[in-house]
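Dear colleague,

I am handing over the structure we spoke about, with the sequence and coordinates placed just below. After them you will find my notes on what was found.

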Amino acid sequence: DEDIVAYNVPIEKNPKPFILMDNGWYGLEEENGRKFSWIKNGKGVIKIISPDERKADISFGIDLFHKGWSLDLLLNDRLIERVFVERRLNMTQTLELKKGINELEFKIDEKCIRPIDMNVNDDARCLNIAVENIRMA
């Protein structure tokens, strides 16, 4: 067909996994140079696309609203870490990725809290933890 143009795209020699935000997030926010997202309805998911089976380190920060929260991290529906978050912290996890799509879930079972109900501000979202600066190594 005369309208089709084909380009030769070189194959990457050492492709690395990459991350996509999936369901369960209120959206990206920025405050004092920090970029973060609050999880929505107790469950935020990121997808990690891996070109092959491999181990990879992922790091991220966790911030919290109003009180301590019990956080479960699940990789492909398997619990890999349970931590009680009582102050802002940075975490690093070594993940065993399968080839293709992997789902890393940040899960809080407790009921979230709305800032408006605590007379903090007029934010009516239900909050518990925020995740920031997600990086793969």
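**Salt bridges and overall form**

In this predicted model, aspartate 123 and arginine 125 bring their side chains together in a salt bridge, with 2.8 Å from N to O. Aspartate 123 is buried at a relative accessible area of 17%, whereas arginine 125, at 24%, is partly exposed. Elsewhere, salt bridges with shared partners tie Arg34, Asp63, Arg88 and Glu132 into one network.

Within that network, arginine 34 pairs with aspartate 63, and their closest N and O atoms are 3.2 Å apart. This pair connects distant parts of the chain, since arginine 34 belongs to strand E3 (residues 34-38) and aspartate 63 to strand E5 (residues 54-64), with their positions 29 residues apart in sequence. Both arginine 34 and aspartate 63 are buried.

A further salt bridge is formed by the side chains of aspartate 72 and arginine 82, at 2.7 Å from N to O. Here too distant parts of the chain are linked, with aspartate 72 in strand E6 (residues 69-75) and arginine 82 in strand E7 (residues 78-85), ten residues apart. The two partners sit in opposite settings: aspartate 72 is buried, having a relative accessible area of 8%, while arginine 82 counts as exposed at 54% relative accessibility.

The pairs described above are among the 13 salt bridges that the structure holds. As background, side chains of opposite charge can pair when their charged atoms come close. Over the whole protein there are 21 positive and 25 negative side chains, and the centres of these two sets lie 4 Å apart.

Turning to the fold, the protein contains ten strands and zero helices, so the radius of gyration is best read next to that: its value is 18 Å, well over the 14 Å that the globule rule gives for 137 residues, and the protein is therefore more spread out than a compact globule. Along the principal axes, the C-alpha trace spans about 65 × 35 × 25 Å.

As for contacts and surface, 70% of the contacts between residues at least 6 apart in sequence join residues that are at least 24 apart. Of the 137 residues, 39% count as buried, and the accessible surface comes to about 9,000 Å², with 46% of that area belonging to carbon and sulfur atoms.

With best regards

Notes. Residues numbered from 1 in each chain as written. Predicted model: local features only at pLDDT ≥ 70, side-chain atom pairs only at ≥ 80, totals over all residues. Heavy atoms only, no water. Helix = DSSP H or I, 4+ residues; strand = E, 2+ residues; numbered from the N terminus. Rg over C-alpha atoms; globule rule 2.2 N^0.38 Å. Buried < 20%, exposed > 50% of the residue type's maximum accessible area, 1.4 Å probe, protein only. Contact = heavy atoms within 4.5 Å. Areas by Shrake-Rupley, 256 points an atom, 1.4 Å probe, with all protein chains shown as cover. Lys, Arg positive; Asp, Glu negative; His and termini not counted. Charge placed at Lys NZ, Arg CZ, Asp CG, Glu CD. Salt bridge = Lys/Arg side-chain N within 4 Å of Asp/Glu carboxyl O.
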